[in-house]
Amino acid sequence: MLDSQDAQSGGEPSAEQRPLPPAEPEKTEAEQVEPGKFETTRVELPDEPRQLPQAIEVDDEERPARTLTGLPEWIVAAAAFAVALLALWQVFRPLPQGSQYYLVVFLAGTLPLIFLAYRSGIRWLDRESGPGPLDWALAALTLLVCLYPVLPIQIGSGGGGYDDFLDRQALFDPVDIAMGAILLVLVLEACRRTTGWVLPLVCVVFVAYGYYGGLMPQHWDIAHAGLDYAQIIDALYNSASGFFGTPLDVAATYIVLFTLYGAVLEFSGAAQFFVDLSVSAFRRSRTAAGRTTVASGFLLGTVSGSGTATAVSVGAVTWPILRKAGYPPEQAGGMLAAAGVGAILSPPTLGVAAFIVAEYLDVSYVTVLGWALIPTLLYYLGILLAVEIDARRLGTRPVEIATTSVWRLLGRFGYHFLSLIVIVVLLLAGVSATKSVVYATALAFVLAFLDAKTRERARSPRQVFNALSSGVRSALPVVAVCTSAGVITAMTTKTGLGAQLAALLVKAAGAVSDNHTVILLLTVIFAAIALAMLGLAVPVTASFIIGWAIIGPALLELDVPAPAAAMFVFYYSVLSEVTPPTALAAVGAAAITGGKTVPTMWQTLKYALPAFVVPVVFVMTANGESLLGRGSLVGVLWTTVVACLAVAALSIATGGWILGVGPAGTPARVLAALGGLTLLYLEPGAIIAGLVAVVAAVGVTALSRRRTT
């Protein structure tokens, strides 16, 4: 995640200080540029890589943190720095007490910081500057209950150290239950402070279900034997499926290391270089502005890992260029949001949920990256085709960007790619994801010495301290979400709710038809709607965890392969960022461009369309799994080619233009839509029918153009 708090300007003007290019004056009707013709405008950009402006603080996983100063800032920064060192140490010298012991210490080092770094949101409790007495008290109490399992002191009938704590599992000691109950309340409050009310309320519902489920009529499908309060707290506090379960394990083992990597990449100047390279690569063509935006989003996503943050950061740089080119604010905002969300869908970092996919399916992270390669290709193909179509349909102008040539930039700063290459090479060589990202982080730090500006930062212990501290602080909301998600997974596991809801989902689809294909289709539609609605209320990570617990078993029951089912849930969880009515990435982009929010959301959907359609192919067709790179090489190649043709056809349907031919009318767009959807069924008969429909769409458009000329 990009953290502006520790960004160093290096003497460069801030986003607010840097003048933006003046808005274009309104053109008269006679001066309007016709589609197919263009004029050139010029934008001056500096030769040196710039510090990325942070005009607006928006993130998909968190609310804005406090701006801390003085003693609170030092305490939070020092604790975060200590956690960073612990996480790095754990990679090479794991604590001998085991991974759960590490999770206890990690949570004790991070969860209390949330009460100091984030406001309560209750006006009469929050102070104007810094944490208040209640925040300090909650932080101290959180530290105590988090460390309680490992404290080597006797506390009543409890305490006594980590081994004694484990020995009391399922014995429901009163002190253990009291400490666990307090931690439950504090975890939910930390989650509320960072993400809002919805996820904590969902957790409360799951806890209530665990407690009151035994009172339900036993003939109900979701009824269970019931759990008493001590059993619930024991499952959360003293088991491997609660607070210290897989979600927190992923956050403490993978996510914090990748946020440290992102912080060091930004520290080394890589973020600025990626954006400047994109701007320089497409300096003078009608589609240069759009291509620059898409390329910037893809490259910057390796640093950010957040769709909304990427959209906002890229937009602050590229919106002046898009405006000069003639893009309406809503169109530009949709492009920015789609490019930003692509950052979460694209290797080599993907999003937080991708690490959980690897853990749940017990596969390596590089395997998940391999599954994401072809869908990423299709996603960006769709965006780039939409950019090309919009440039012609809107009659955008080439923008001549006065900046350093791409070869000069690559010659001077191309070394920033090395750390990304190292991650991929090491993963392919069988090195663990944790060690790979640590080695890449070390390399990124060393590379900071190659440029005069960043060399001064790298030589400053204070700057290095700030970079590592900011990396951990940016992961605090994820820690809160993952710990809260442990409540959901524990209750789902303990009560068997996941299997019960999955059976209900399949049963509802089976009530319509007894045909397996129809049942699967309806289940997929129900699942997509459920994930979209879930994503409106909770962050992406929690959406995936809940979705996998409930929807995953339903898909598996219908013989969908586990990788296809997991990636389906993953993609639809991520796509909540562009799904109205919340669509946080679109909201952030609209704030940058000044466009209307709802139209910006619909434009984002147009650009992101392949991401909505392709996951359905994974689970609906026998050959769809080839799009995850699974199966024979020939099968992977031909399904990829057909899927590319389908994406191109859908771009015609949504954009209303056939490249090389001209504007497409309604009949041609309908034919293209039908052809694209039919092609995606990936069966010989469907492919032939789809090709016929697409050729017909091109023919209808060509005949229409000939008649008009």
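Three exercises on helices and cores follow, each with a worked solution.

The model is predicted, so local features need pLDDT of at least 70 and side-chain atom pairs count only at pLDDT 80 or more, while totals for chains, interfaces and linings use all residues. Residues are numbered from 1 along each chain as its sequence is written, and side-chain values use heavy atoms, with hydrogens and water left out.

**Exercise 1.** Find which residues of helix α17 are buried (under 20% relative accessible area, 1.4 Å probe, protein chains only).

Solution. Begin with the helix itself, a DSSP run of H or I with at least four residues, numbered from the N terminus: α17 covers residues 433-447 and reaches 21 Å from its first C-alpha to its last. Next, its buried residues are A433, T434, S436, V437, V438, A440, T441, A444 and L447. Finally, the elements covering them include α1 (70-92), α8 (246-267), α14 (365-394) and α16 (417-428).

**Exercise 2.** Describe how helix α3 (residues 133-147) and helix α5 (residues 174-195) cross.

Solution. First take the axes, lines fitted to C-alpha atoms over the stretch in contact, with angles from 0 to 180 degrees between N-to-C directions; those of α3 and α5 come within 10 Å and cross at roughly 130 degrees. That makes α3 oblique to α5, since oblique means outside the ranges under 35, 65 to 115 and over 145 degrees. Then list the contacts (heavy atoms within 4.5 Å): D135, L138, L141, T142, V145 and C146 in α3 meet M179, I182, L183, L186 and R193 in α5.

**Exercise 3.** Which residues does F568 contact, leaving aside neighbours within four places in sequence?

Solution. F568 is in contact with V524, A527, A528, L531, L555, P615, V616, F618 and V619.

Note on methods. Helices (H or I, at least four residues) and strands (E, at least two) are DSSP runs, numbered from the N terminus. The expected span of a helix is 1.5 Å times one less than its number of residues. Buried means under 20% relative accessible area, exposed over 50%, partly exposed in between (1.4 Å probe, protein chains only).
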